[in-house]
Amino acid sequence: MRNKVKRVIILIMCAVLFIQGCGSVKEEKRPTFEYYFDMDYWNIMPLEKSYYPTQEDLEADIVETVSEIEELLGVQAWWMNAAPNAETIGFDVDIRKSGTSFAYKMPKTDSSRVEVQLILNLGSGVDGAIAHELTHIMIDSDFAFSLSLEEGLCNYVQSQVGAYPDMVEYGWDIEEFIKRYLEYGIHVSGFSSEEVQEIVDTIGVSGSGYPYGNTSDRAALWYIYSQSFVSYLIRVYGVEKVVDLVRNGIDENSYEEYLGISFSTVKSEWLAYLEALEPVMTEQEMADAMMSIRVK
């Protein structure tokens, strides 16, 4: 009887080990990262005082940032849809003194090697741009139905793992910062209430184009309003549902499908939340926060 029980236990243990083994086989191993730079930026640009005084620092931060985005958004194996056989991902990095930062989407390929391009603008802060642009690549959305949602999500990630975490160190709340920034931007730009409403009307709607370009005062407010909207959605509905909406949504009806609430209703609730928010941070503290981020 004892031998029979012992055999049963052994069989159960073997079965468990077999199942665990099968599970481990299915785990996707992240491809090796390689890096290419168009020139020796560290000899021609003032990077010694930046977050990346050496090329090795920048490469290490890309690896760390990818890991943080995987964890934050739950997008492990993010390369699989575009490049399921990828063994190597090459990052072609171009650092510029001016202009805008952007990233090319990962191309669809069956090759074991795939390359993506990162254009980083030194003037706008390379450290924050890396998190933002990597998010564009990693959410693997060829053309999100709402560019406002996609850019808002990228800004949200940037606020969590990019330049803005400095705010946590100083006790600043990101939602307060967003509202103060909006108030400050509207005041400095001199926008009328009608002009502000025009910008708000574009937030979260269907559309794959930039309504105000990339560098205008209106564009700056559009980015921050988009971030505020996405931050609200994540706080209320959770990051998984919001990421699914951004990646797989088709049109404004998709809010109902992925969040269980209509677009018009959730947008009204976000605006009511934003209106009721009373930041503790003063305008001067907000200005100091901006200066701290820029200096670093």
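Helix H3 (residues 55-73) lies across S1, S2 and strand S4 (113-121) and runs at about 140° to S1, where helices (H or I, at least four residues) and strands (E, at least two) are DSSP runs numbered from the N terminus, and where angles, from 0 to 180 degrees, are taken between the N-to-C directions of axes fitted as lines to C-alpha atoms, for helices over the stretch in contact. Helix H4 (residues 126-138) also packs on the sheet, touching S2, S3 and S4, and its direction makes about 145° with that of S4; contact here means heavy atoms within 4.5 Å. The model is predicted, with local features requiring pLDDT of at least 70 and side-chain atom pairs counted only at pLDDT 80 or more, whereas totals for chains, interfaces and linings use all residues. Residues are numbered from 1 along each chain as its sequence is written, and side-chain values use heavy atoms, with hydrogens and water left out.

The sheet on which these helices pack is open and comprises 4 strands in the order S1-S2-S4-S3, with mixed pairing, two strands being paired if DSSP finds at least two bridges between them. Strand S1 (32-37) and strand S3 (102-103) stand at the edges with a single partner strand each, so one side of each has no neighbour in the sheet. S1 pairs with strand S2 (residues 88-96) in the parallel sense over 6 bridges, and Glu34 has Gly90 in S2 as its bridge partner. The pairing of S2 with S4 is likewise parallel, over 9 bridges, with Arg96 opposite Asn121 in S4. S3 and S4, by contrast, run antiparallel and are joined by 2 bridges, Ala103 standing opposite Leu118 in S4.

Elsewhere in the chain, the axes of helix H9 (residues 217-237) and helix H12 (residues 263-276) come within 10 Å and cross at roughly 105°. H9 and H12 are therefore roughly perpendicular to each other, a term applied to angles of 65 to 115 degrees. Residues making this contact include Tyr225, Phe229 and Tyr232 of H9 and Phe263, Trp270 and Tyr273 of H12.

Confidence is expressed as pLDDT, the predictor's confidence in each residue, from 0 to 100. The protein chain averages a pLDDT of 81, and 80% of the residues score at least 70. Within the protein chain, confidence is lowest in helix H1 (residues 2-26), at a mean of 40, and highest in helix H11 (residues 254-259), at 97. Over residues 1-26 pLDDT stays under 50, and for these residues the model has 0 contacts beyond four places in sequence.

Conventions: Parallel < 35°, antiparallel > 145°, perpendicular 65-115°, else oblique.
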